[in-house]
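Biologist: Could you walk me through this one before I set up any calculations on it? I would like to begin with the strands and then move on to the ion site and the charged pairs.

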Amino acid sequence: MAEKNETMMQYFEWYLPDDGLLWRRAAARADALAAAGVTQIWLPPAYKGTSRSDVGYGVYDLYDLGEFDQKGTVRTKYGTKEEYKAAVRALQKAGIKVFADIVLNQKMGADGTERVQAVEVDPANREQDISGEMTIEAWTKFTFPGRQGKYDDFTWNWTHFSGTDWDEAAKKKGVFRFVGKNWNRETDPENGNFDYLMGADLDTDNEEVRREIRKWARWYAGEIGFDGVRLDAVKHISFEMYRDALREVRAAAGGRDVPAVGEYWSADIGRLTHYLDIVQDEMKLFDVPLHYRFHDLSEGSGSMRSMLDNTLVQVRPDDAVTFADNHDTEPGQALESFVQPWFKPLAYAVILLRAQGTPCVFYGDYYGIPSRGIAPTGGLRRLMKIRQLYAYGEEADYFDDDHIVGFVRRGDAAHPGSGAAVLMSSGEGGVKQMDMGPAFKGQTFYDAMGVCTDAVTADENGRAQFETGGGNVSVWLTQPAYECLLLEC
Ligand code: CA
């Protein structure tokens with residue numbers, strides 16, 4: 001069987017209802033997602049967080065996957081541990097690789113406080129102390145009374161953390177570093193040193209912490225049997241830690257591929273490539289620069305011509321997981337930079353139909369974000385289907401205009417009907433001559449996105465004047481491929 005294009009899906013958005021049904025929905029939709037072209041799925045963090053409605057990043061107990069009565073609930077926002085396991089099995093049975101979301105930068109929702117010697121640092125420059133040593137009351141005691149030592153009897157105290165952001169005694173917010181602790185040397189240089197993000201920050205230089213993380217990782221992999229990992233907040237975690245951990249995991253996997261993608265949130269391509277050099281390509285990274293390019297273009301700034309310049313998919317294509325939006329870029333979220341709806345189909349055409357990068361489709365684009373009145377992205381399912389069936393073969397680019405740009409895929413023998421001409425405009429509609437190659441001479445093409453309704457015919461060299469509408473994207477397929485797509489054959 002011919003190799004299919006990989007397509008990842010992020011299977012959650014920030015504002016999902018707290019109904020405990022996501023795992024069951026994922027299981028029920030596993031076959032439909034596979035048919036839609038999804039080959040990899042990133043599930044949200046499955047651990048008990050600070051409350052039942054926690055999205056998953058406010059991790060309280062890594063060993064509670066919706067099993068114990070803690071934080072006022074047995075299930076998480078997404079369901080119970082048994083439902084989680086059933087979802088993973090159903091997705092894998094449908095041929096989809098499951099990625100677990102690994103959150104190891106911080107812990108939140110501690111069971112108790114401790115009096116700790118600390119210094120306050122400048123939030124804008126964490127290398128700069130702004131107080132002398134003082135005693136604060138920190139939320140750093142994690143004893144998990146609801147779990148009572150099942151699976152693991154490790155409890156956490158302040159010595160396992162580097163710092164926190166709240167002094168309970170003084171009711172004071174700040175960034176506090178515990179005396180005797182240093183921020184990790186190798187982290188992102190933003191704010192002086194961006195080791196600290198939020199909550200109680202894990203001290204990954206601490207040998208007990210390292211041992212506990214290893215033990216937990218083995219337990220989690222054994223319990224759930226996920227295929228790959230999505231690593232949260234890697235710019236706030238010692239760069240060496242995941243490099244070494246991934247090597248260990250891969251050595252233990254006995255040659256089985258263990259795909260990994262890290263969230264390094266920076267629009268600066270230099271930071272991303274520096275990180276990839278340090279971790280020696282043990283993981284891919286999300287292409288944050290490309291997301292910001294989409295966002296800016298959707299807001300009317302920047303040129304379509306330079307859309308791909310200094311993006312990860314251009315500079316390190318094999319290391320790039322491309323995406324349009326995610327749970328953090330949604331309206332109202334921490335990194336709000338939502339790509340405007342009119343531009344979404346253009347962004348998805350770029351990430352889904354080009355040869356390089358692994359595209360990640362966002363749940364909020366696929367199903368919409370009802371709580372914010374945001375509809376599903378028009379044409380997204382069709383673009384995913386075109387990726388699955390026809391986006392193969394050699395690529396040629398026509399990024400030669402500030403508004404109308406395009407590219408062609410010339411198809412390959414392994415995928416009947418494959419090949420496509422993609423043209424998009426951030427301004428007025430228009431045409432561009434693009435070259436599909438001599439194999440397409442005399443072929444008739446139709447716009448599978450329905451923007452243009454007239455057929456286009458290629459000349460004796462396979463060239464044609466392809467067209468698109470204003471603020472739109474057209475994907476031209478040969479007549480047999482177009483008909484096959486419409487008939488879902
Ligand atoms: Ca950290």
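Modeller: Two strands are taken to pair if DSSP finds at least two bridges between them. This is a predicted model, and in it strand β19 (residues 404–409) and strand β20 (residues 420–425) are joined by 6 bridges and run antiparallel. Within that pairing, Gly 406 stands opposite Leu 423 in β20.

Biologist: What does β19 pair with besides that, and in which sense, parallel or antiparallel?

Modeller: β18 pairs with β19 in the antiparallel sense, over 4 bridges, and a hairpin of 5 residues joins β18 to β19. In that pairing Glu 395 stands opposite Arg 409 in β19.

Biologist: How many of the residues of β19 are buried?

Modeller: The strand is mostly covered, with 6 of its 6 residues buried. Ile 404, Gly 406 and Val 408 point one way from β19, while Val 405, Phe 407 and Arg 409 point the other way. That fits a general pattern, since in a regular strand the side chains alternate between the two faces of the sheet.

Biologist: Back to Glu 395, then. Which residue forms a salt bridge with it?

Modeller: Its partner is Arg 354, and the closest N and O atoms of the two are 3.2 Å apart. Arg 354 lies in the loop between α9 and β17 (358–362) and Glu 395 lies in strand β18 (residues 395–398), so the salt bridge ties together parts that are 41 residues apart in sequence. Arg 354 is buried, with a relative accessible area of 11%, whereas Glu 395 is partly exposed, at 24%.

Biologist: And how many salt bridges are there in the whole structure?

Modeller: A search of the whole structure finds 37 salt bridges. One of them joins the side chains of Glu 263 and Arg 230, at 3.7 Å from N to O. This pair links distant parts of the chain, with Glu 263 in the loop between β14 (260–262) and α6 (269–278) and Arg 230 in strand β13 (residues 228–231), 33 residues apart. Both Glu 263 and Arg 230 are buried.

Biologist: What about Lys 344, which residue does it bridge to?

Modeller: Lys 344 forms a salt bridge with Asp 325, where the closest N and O atoms are 3.0 Å apart. Lys 344 lies in helix α9 (residues 344–353) and Asp 325 in the loop between β16 (320–323) and α9, so this pair ties together parts that are 19 residues apart in sequence. Both Lys 344 and Asp 325 are buried.

Biologist: You mention β16 and α9 there. What kind of unit do they make with β17?

Modeller: Together, β16, α9 and β17 make a right-handed β-α-β unit. The strands β16 and β17 pair in the parallel sense over 3 bridges, and the bridge partner of Thr 322 in β17 is Pro 359. β16 is also joined to strand β15 (residues 284–286) by 2 bridges, and these strands run parallel; there, Phe 286 stands opposite Val 321 in β16.

Biologist: Which way do the residues of β16 point?

Modeller: Ala 320 and Thr 322 point one way from β16, Val 321 and Phe 323 point the other way, and all are buried.

Biologist: Changing topic, which residues coordinate the calcium ion?

Modeller: The calcium ion is coordinated by Asn 105 through OD1, by Asp 195 through both O and OD, by Asp 201 through two OD contacts and by His 236 through O, at 2.2 to 2.9 Å. The angles among the 6 donor atoms run from 47 to 167°, and the site is irregular. For comparison, ideal angles at a metal are 90 or 180 degrees for six octahedral donors.

Biologist: How are the donor residues spaced in sequence?

Modeller: Their spacing is N-x89-D-x5-D-x34-H. Asn 105 lies in the loop between β5 (97–102) and β6 (106–107) and Asp 195 in the loop between β11 (172–178) and β12 (200–202), so the pair ties together parts that are 90 residues apart in sequence. Asn 105 counts as buried at 2% relative accessibility, and Asp 195 is buried at 0%.

Biologist: Last one: which residues of α12 are buried, and which are exposed?

Modeller: In helix α12 (residues 479–487), Ala 481, Tyr 482, Cys 484 and Leu 485 are buried. Seen down the axis of α12, the buried residues fall within an arc of 165°, so they line one face of the helix. The face turned away from that buried side carries the exposed residues Pro 480 and Leu 487.

Note on methods:
Residues numbered from 1 in each chain as written. Predicted model: local features only at pLDDT ≥ 70, side-chain atom pairs only at ≥ 80, totals over all residues. Heavy atoms only, no water. Donors = N, O, S within 2.8 Å, 3.2 Å for Na, K, Ca; no water. Tetrahedral: all angles 85-135°; square planar, octahedral: opposite > 155°, others 65-115°. Buried < 20%, exposed > 50% of the residue type's maximum accessible area, 1.4 Å probe, protein only. Salt bridge = Lys/Arg side-chain N within 4 Å of Asp/Glu carboxyl O. Right-handed = clockwise from strand over helix to strand, strands pointing away. Arc of directions from axis to C-beta.
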